[in-house]
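Biologist: I would like a close look at one part of this protein, the nonpolar core, and then at what lies around it. Please take it slowly enough for a first-year student.

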Amino acid sequence: MRIDVVSLFPEEVDRCTAFGVTGRARERGLLQLHGWNPRDYADGNYRKTDDRTFGGGPGMVMLVEPLRRCLAAVREADPAPVHVVYLSPQGRRLDQKRVRELAAMPRLVLLCGRYEGVDERLVQAEVDEELSIGDYVLSGGELAAAIVVDTVARLQDGALNDAGSAEQDSFEDGLLDCPHYSHPVEHAYGVVPAVLRSGNHAAIARWRRQQALVRTWQRRPDLLEGRELSKADRKLLQEGLAALER
Ligand SMILES: NC[C@H]1CCC[C@@H](CNc2ccc(C(N)=O)cn2)C1
């Protein structure tokens, strides 16, 4: 998968995705990341990329022309069709379902705004999708872009080793993750649940599913709305909640 990041600070996204799973995916060529700076496509010796907003009021707006030229160069750089995403609080909320869809695309272009944003004519003419990582305002779209890169990189085939593939499943079915434990078995903070050391893999899977269901019910009931739980899951959830009462 190829991702092109258009930003006044493209190195910010490069650095945020240079470590761990994302760094390894890049090293393995599972993900190619390219940074582009609209300042390189701006005119004049000040290479102006932003200007005051029409209609008055505070702040600057990123100019349409440097971005248009920059995006033309991005499109030109690879024959694969692009899907242009603009990161902004006005976008559709990113979730794992959309992450899976984005991760399947051959190319993504992530447009990172700064200041008050991008001239709306550029958004209308070039952007396929506005995406938001949450209801808050960042100083720029770069950190949001880095989150998109991270989420799609780990879904590339080969990015997660076998053990890692379990990581995918934890949220893939729309539930929160179960608790995890490691050494020592006994610690001042508590003891590892016996079932996890029983070697009974069916019981372990059942316990993990039950924990995920109970946690989701308690912390994010919204994730269970409009979702038909299987008979087995409903039983696990009821049993898990009853155990909390005891
Ligand atoms: N109106 C301000 C706004 C104009 C357009 C550029 C953004 C950059 N900052 C961002 C970008 C994305 C998100 C998010 N939630 O995904 C938050 N903040 C700022």
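Modeller: What follows starts with the core, then turns to charged pairs, the surface and some unusual backbone spots. Please keep in mind that this is a predicted model.

The largest nonpolar core contains 28 residues. Within this core, Ile-3, Leu-87, Leu-102, Leu-108 and Leu-110 have the most contacts. Several elements each give at least two residues to the core: strand 1 (2–6), strand 5 (84–93), helix 4 (96–103), strand 6 (107–112) and helix 6. Helix 6 provides the largest share, 7 residues. As a general background, nonpolar side chains in soluble globular proteins tend to be buried together.

Leu-110 is a useful residue to click on. Apart from neighbours within four places in sequence, Leu-110 is in contact with Ile-3, Asp-4, Val-5, Val-6, Val-85, Leu-87, Ala-145, Val-148 and Val-149. There is also a second core, separate from the one above, with 18 residues. Leu-71, Val-84, Val-109 and Leu-111 are among them.

Helix 6 spans residues 142–153, and Leu-143 belongs to this helix. Leu-143 has a relative accessibility of 39%, so it counts as partly exposed. On the surface, Leu-143 joins Tyr-136 and Leu-138 in a nonpolar patch. Together the three residues have about 260 Å² of accessible area.

Helix 6 also holds Glu-142, and this residue forms a salt bridge with Arg-114, which sits in the loop between strand 6 and helix 5. The closest N and O atoms of the pair are 2.9 Å apart. Glu-142 and Arg-114 are 28 residues apart, and their pair links distant parts of the chain. Both residues are buried. Elsewhere, Arg-2, Asp-4, Asp-78 and Arg-107 are joined into one network by salt bridges that share partners. The count of salt bridges for the model is 22.

Helix 4, another contributor to the largest core, shows salt bridges between residues of one helix. Glu-101 pairs with Lys-97, with the closest N and O atoms 3.1 Å apart. These two residues are 4 residues apart in helix 4, which means that about one helical turn separates them. Glu-101 also meets Arg-98 in a salt bridge, at 2.6 Å from N to O. Here the two are 3 residues apart in helix 4, again about one turn of the helix. Glu-101 is partly exposed because its relative accessibility is 30%, whereas Arg-98, at 11%, counts as buried.

Next come the aromatic rings. The model has 1 aromatic pair, formed by Tyr-181 and Trp-207. The ring centres are 6.4 Å apart and the planes make an angle of 55 degrees, a tilted arrangement. Tyr-181 lies in the loop between helix 7 (162–172) and strand 8 (186–187), and Trp-207 lies in helix 8 (residues 201–219), so the pair ties together parts that are 26 residues apart in sequence. Tyr-181 has a relative accessible area of 43% and is therefore partly exposed. Trp-207 counts as buried because its relative accessibility is 15%.

The loop between helix 7 and strand 8 also holds Pro-184. A cis peptide bond joins His-183 and Pro-184, with omega of about -5 degrees. For background, most peptide bonds are trans, and most residues other than glycine have a negative phi.

Arg-47 has a positive phi, near 45 degrees, and is not a glycine. Arg-47 is found in the loop between strand 2 (32–36) and strand 3 (50–52). With 36% relative accessibility, this residue is partly exposed. Not counting residues up to four places away in sequence, Arg-47 touches Arg-39, Asp-40 and Ala-42. The C-alpha atoms of Arg-47 and Glu-228 are separated by 56 Å, and these two residues are 181 residues apart along the chain.

Tyr-115 also has a positive phi, about 60 degrees, without being a glycine. Tyr-115 is placed in the loop between strand 6 and helix 5 (120–126), the loop that holds Arg-114. Tyr-115 has a relative accessible area of 41%, so this residue is partly exposed.

Methods. Residues are numbered from 1 along each chain as its sequence is written. This is a predicted model: local features need pLDDT of at least 70, side-chain atom pairs count only at pLDDT 80 or more; totals for chains, interfaces and linings use all residues. Side-chain values use heavy atoms; hydrogens and water are left out. Patches are made of residues with over 30% relative accessible area and no salt bridge: like charges are joined within 9 Å, nonpolar side chains (Val, Leu, Ile, Met, Phe, Trp, Tyr) within 5 Å. Accessible areas come from the Shrake-Rupley method with a 1.4 Å probe; for residues, only the protein chains shown count as cover. A salt bridge is a side-chain nitrogen of Lys or Arg within 4 Å of a carboxyl oxygen of Asp or Glu. Buried means under 20% relative accessible area, exposed over 50%, partly exposed in between (1.4 Å probe, protein chains only). A nonpolar core is a set of buried Ala, Val, Leu, Ile, Met, Phe, Trp, Tyr and Cys residues joined through side-chain atoms within 4.5 Å. Contact means heavy atoms within 4.5 Å. Rings of Phe, Tyr and Trp (its six-membered ring) pair if their centres lie within 6.5 Å; planes under 30 degrees apart count as stacked, over 60 as edge-to-face and the rest as tilted.
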